[in-house]
Amino acid sequence: MSDRSATVSVREARDGDLQAVAELHVAAFPESVLGQLGVEAVRRNYVWQLHGPHDVTALVAELGGRPVGFLFGGVFRGSTIGFVKSQKFFLAGQVLRHPKVLVDRIGLDRVRLALRLVSSRWSTPAPEVPDAVPRSSFGVLAIAVDPAVQGHGVGRELMASASAAATAEGFEAMHLSVHPDNLQAVSFYESLGWRRTPEEDGGWVGRMRIALESPEPGVATGEDSEAALAQHPLDQTDDRD
Ligand SMILES: CC(C)(COP(=O)(O)OP(=O)(O)OC[C@H]1O[C@@H](n2cnc3c(N)ncnc32)[C@H](O)[C@@H]1OP(=O)(O)O)[C@@H](O)C(=O)NCCC(=O)NCCS
């Protein structure tokens, strides 16, 4: 940790943080589809991530008592679809107000797919971990830092806290999905020891992973987890930026 990060503190996120989380999301992901639907759409998304049927670790980083970053991770069950279903009327209104954003950014095929999913019958979604992925992997759904303080160690502190929480909860590894063109984020993850997870054809579409050390001697982690993960390409979060 650099000296500049000495005053960073990380704590669990609460309901009262979600407005700040949404504003940070919009600032850090100015091009994201969700962000272009407005801060309120983003806030409602994080309400769903905090209170939906997930096993979530939600963290906020503060600098001088001000929220400057956040991380949401864990095991998510319908992080996007559940949100869309729970907010379908609100989102329909936002889409009507911003139709070009969705058509331009997502494409008509995905809009049609989303509409089909929204209109399908509600059921408790399954964890967003494909059968081929070990259940013991903690997914990082979102991490973002205020652009004004990026590069000052806040992201590192958030990831360290998430890793500690995941280890304490018995997870053997962590995984995430990043847009391959997001070189800043890819460099960030690689500097922390994350590795790219290749697809079967040897290509890379943004999946990354890291093995966690077990806090207890004799519990399989490290290379065991790494080997298991190498055999099983990891889950992909569904609104990557
Ligand atoms: C990616 C992000 C979370 C990193 O947080 P951050 O607070 O800026 O990162 P840190 O200052 O903790 O950097 C930790 C290490 O990552 C690497 N790193 C960070 N930013 C980097 C950059 N722009 N280029 C290269 N390496 C970088 C460095 O090795 C750094 O260590 P150092 O400071 O000792 O050199 C932040 O930049 C961000 O919010 N980006 C926009 C949102 C985003 O892309 N999120 C990830 C989506 S998958």
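How many bridges join S6 to strand S7, and do the two run parallel or antiparallel? I shall return to that pair once the sheet as a whole has been described.

Good morning. The structure shown above is a predicted model. The protein has 241 residues, of which 38% count as buried. Its secondary structure consists of ten helices and seven strands. If we take the contacts between residues at least 6 apart in sequence, 74% of them join residues at least 24 apart.

Let me turn to the sheet. Seven strands form an open sheet with mixed pairing, in the order S1-S2-S3-S4-S5-S7-S6. At its edges lie strand S1, residues 8–12, and strand S6, residues 195–196, each of which pairs on one side only.

That brings me back to the opening question. S6 is joined to strand S7, residues 207–211, by two bridges, and the strands run antiparallel. Within this pair, Arg195 has Arg209 in S7 as its bridge partner.

I now move to strand S4, residues 137–145. Nine of its nine residues are buried, so the strand is largely enclosed by the rest of the structure. With strand S3, residues 66–75, S4 runs antiparallel, and six bridges connect the two. Here Leu71 is found opposite Ile143 in S4. With strand S5, residues 173–177, S4 runs parallel, through three bridges. In that pairing Ser137 is partnered by Ala173 in S5. Between S4 and S5 the chain passes through helix H8, residues 154–168, making a right-handed β-α-β crossover.

One further helix packs on this part of the sheet. Helix H1, residues 18–28, lies across strand S2, residues 55–63, as well as S3 and S4. The direction of H1 is at about 90° to that of S3.

Finally, the ligand. Which residues come nearest among the 21 around the ligand? They are Gln150, Gly155, Arg156, Ser187 and Ser191. By character, the shell comprises nine nonpolar, ten polar and two charged residues. Three elements, S4, H8 and helix H9, residues 183–191, each contribute at least two residues to the shell. H9 provides the largest share, namely five residues.

To close, I would draw attention to S4 once more. This strand is bridged to S3 on antiparallel terms and to S5 on parallel terms, H1 lies across it, and S4 also supplies residues to the shell around the ligand. Thank you.

Conventions:
Residues numbered from 1 in each chain as written. Predicted model: local features only at pLDDT ≥ 70, side-chain atom pairs only at ≥ 80, totals over all residues. Buried ≥ 20, exposed ≤ 12 C-beta atoms within 10 Å, placed from the backbone. Helix = DSSP H or I, 4+ residues; strand = E, 2+ residues; numbered from the N terminus. Pairing = 2+ DSSP bridges. Right-handed = clockwise from strand over helix to strand, strands pointing away. Near = placed C-beta within 6 Å. Nonpolar A, V, L, I, M, F, W, Y, C, P; charged D, E, K, R; others polar. Contact = placed C-beta atoms within 7 Å. Axes fitted to C-alpha atoms, helices over the stretch in contact; angles between N-to-C directions.
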